[in-house]
Amino acid sequence: MVLESCSVKRLLLLIIFIGGITLLIFIKITSSSALSVLNATIVTETSESVKDHKNSSNKCWLREESTILKECHLCSDRPECINASYIETIECKISGLVYRK
C-alpha cells in the first residue's frame with residue numbers, strides 16, 4: 001500500500017492537511033449566508049405550523065381564553081394523533097381549534 005511506504009512525518013502532514021480542508025469546508029457551510037438561509041427556513045416552517053391551528057405546538061391555551069370541547073380521548077388514524085395516544089380538543093378564542101396531546 002502507498003500509506004505503508006510513507007514516513008510518519010508525511011502521514012502527520014497528510015492528516016493535518018485533510019483536517020484543515022475539513023475545517024475550511026465546515027466554516028464555509030456554517031457561514032452567515034448559509035445560516036441566514038437556514039434561519040429563514042426555520043422561521044417559515046415555524047410560522048406555517050402556528051398557522052395550522054390543528055398543531056398542538058401552537059399551545060394557544062396558555063395565552064388565550066380557551067374552551068375544552070372534548071375531554072382527553074383515545075386518538076388514532078388522524079393526523080393530529082402523531083406521537084399521541086390521547087388528545088384533548090380545545091377551541092382557543094383567537095387561534096381556533098387545536099389539539100392538546
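This briefing describes a small set of features in the structure shown above, taken in turn from its helix, its sheet and one loop residue. The model is predicted. Three topics are covered: a nonpolar surface patch that includes I21, an open sheet in which 3 strands are ordered β1-β2-β3, and the surroundings of E64, a residue in the loop between α2 and β1.

**The nonpolar patch and helix α1**

- On the surface, the residues L14, F17, I18, I21, L24, I25 and I29 form a nonpolar patch, and together they have about 680 Å² of accessible area.
- One of these patch residues, I21, lies in helix α1, which covers residues 8-29.
- The relative accessibility of I21 is 36%, and because partly exposed residues fall between the limits of 20% and 50%, I21 counts as partly exposed.

**The sheet as a whole**

- The 3 strands form an open sheet in the order β1-β2-β3, and their pairing is antiparallel.
- Strands β1 (66-74) and β3 (96-100) stand at the edges and each has a single partner strand, so one side of each is left without a neighbour in the sheet.
- From one strand to the next, the twist averages 20°.

**Strand β2 and its two partners**

- Of the 7 residues of β2, 5 are buried, so this strand is largely enclosed by the rest of the structure.
- Strands β1 and β2 pair in the antiparallel sense over 6 bridges, and within this pairing K70 has T89 in β2 as its bridge partner.
- Strand β2, which spans residues 86-92, is joined to β3 by 5 bridges, and these two strands run antiparallel.
- Between β2 and β3, I90 has V98 in β3 as its bridge partner, while C92 stands opposite G96 in β3.
- The connection from β2 to β3 is a hairpin, which joins the two strands through 3 residues.

**E64 and its contacts**

- E64 lies in the loop between α2 (32-51) and β1, and at 16% relative accessibility it counts as buried, because buried residues are those under 20%.
- When residues up to four places away in sequence are not counted, E64 touches C92, K93, I94 and S95.
- Although E64 and K93 are 29 residues apart along the chain, their C-alpha atoms are separated by 6.4 Å.
- One of the residues that E64 touches, C92, is also the residue that stands opposite G96 in β3, which links this loop residue to the description of the sheet given above.

Note on methods. Residues are numbered from 1 along each chain as its sequence is written. This is a predicted model: local features need pLDDT of at least 70, side-chain atom pairs count only at pLDDT 80 or more; totals for chains, interfaces and linings use all residues. Side-chain values use heavy atoms; hydrogens and water are left out. Patches are made of residues with over 30% relative accessible area and no salt bridge: like charges are joined within 9 Å, nonpolar side chains (Val, Leu, Ile, Met, Phe, Trp, Tyr) within 5 Å. Accessible areas come from the Shrake-Rupley method with a 1.4 Å probe; for residues, only the protein chains shown count as cover. A salt bridge is a side-chain nitrogen of Lys or Arg within 4 Å of a carboxyl oxygen of Asp or Glu. Helices (H or I, at least four residues) and strands (E, at least two) are DSSP runs, numbered from the N terminus. Buried means under 20% relative accessible area, exposed over 50%, partly exposed in between (1.4 Å probe, protein chains only). Two strands pair if DSSP finds at least two bridges between them. Axes are lines fitted to C-alpha atoms, for helices over the stretch in contact, and angles run from 0 to 180 degrees between N-to-C directions. Contact means heavy atoms within 4.5 Å.
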